[in-house]
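Colleague: Thanks for sitting down with me over this one. Could we go through it together, starting with the empty spaces and then the helix packing?

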Amino acid sequence: MVDVHLGTLARALRLLGFDTVYAQEMPDAAIAAVAEREERVVLTRDVGLLKHRKVQWGYWLRSQHTRPQLEEVIRRYDLKPWFQPFTRCTVCNGTLTEVPKEAVQERLPPKTKLYFHEFFQCASCRRVYWKGSHYDRMRTFLGQLE
Ligand SMILES: [Zn+2]
């Protein structure tokens, strides 16, 4: 569970396949309640939130920037063996399933239709994903992790 102002971190974690709730416009008590009920780790820049008695697992992010934040979280929770790219929607946290090109082709930009053959769709918002330039950037980033 990722605190407000950390939306980019939330998207990055989803991209790696982690079930991530983005706590936008939620008071601390509500964040703590969801974290307790759904047994989630709270990631925040706000030390006060971590002192809430319902927050059982939490981590205070040192960095103010997404990339080092992501590195902190991966290191802290030893997440590297658990990466599952293309299993979560970066927008809504829904689960992705692989779909045949024919099922989504009318929704694809012309060049994507031409050059890509593997597609994934979100079960919740129906957004379509493919291994385009953002995927290459992510692979480069993952390759650089210790
Ligand atoms: Zn979605």
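Colleague: Which residues lie nearest the centre of the largest pocket?

Modeller: Happy to help, and do keep in mind that this is a predicted model. The largest pocket holds about 430 Å³ of space. Its lining counts 20 residues, and those nearest the centre are Ala12, Leu15, His134, Arg137 and Met138.

Colleague: Which element gives the most to the lining of the largest pocket?

Modeller: H1, H4, strand S7 (128-130) and helix H7 (133-144) each bring at least two residues to that lining. By class, the lining has ten nonpolar, six polar and four charged residues. The top contributor, with seven residues, is H7.

Colleague: Good to know! And how do H1 and H4 lie to each other, parallel, perpendicular or oblique?

Modeller: The axes of helix H1 (residues 7-15) and helix H4 (residues 66-76) come within 9 Å and cross at roughly 50°. An angle between 35 and 65 degrees falls outside both the parallel and the perpendicular ranges, so H1 is oblique to H4.

Colleague: How many nonpolar residues does the contact of H1 with H4 have?

Modeller: H1 offers Thr8, Leu9, Ala12 and Leu13, while H4 offers Thr66, Gln69, Leu70 and Val73. Three residues of this contact are polar and none is charged; the nonpolar ones number five.

Colleague: Lastly, how much space lies in the largest cavity?

Modeller: There is one cavity of 30 Å³ or more in the structure. Arg14, Leu15, Phe86, Arg88, Thr90, Leu96 and Tyr129 line the largest cavity, a set with four nonpolar, one polar and two charged residues. The space inside the largest cavity is about 40 Å³.

Note on methods: Residues are numbered from 1 along each chain as its sequence is written. This is a predicted model: local features need pLDDT of at least 70, side-chain atom pairs count only at pLDDT 80 or more; totals for chains, interfaces and linings use all residues. Side-chain values use heavy atoms; hydrogens and water are left out. Axes are lines fitted to C-alpha atoms, for helices over the stretch in contact, and angles run from 0 to 180 degrees between N-to-C directions. Helices (H or I, at least four residues) and strands (E, at least two) are DSSP runs, numbered from the N terminus. Angles under 35 degrees count as roughly parallel, over 145 as roughly antiparallel, 65 to 115 as roughly perpendicular and the rest as oblique. Contact means heavy atoms within 4.5 Å. Ala, Val, Leu, Ile, Met, Phe, Trp, Tyr, Cys and Pro count as nonpolar, Asp, Glu, Lys and Arg as charged, and the others, Gly among them, as polar. On a 1 Å grid over the protein atoms alone, a cavity is a set of points where a 1.4 Å probe fits but cannot get out, and a pocket is an open set with protein on both sides within 12 Å along at least five of seven lines; lining residues have an atom within 4 Å of a point. Grid points are joined across faces, edges and corners, and a volume is the space filled by probe spheres set on the points.
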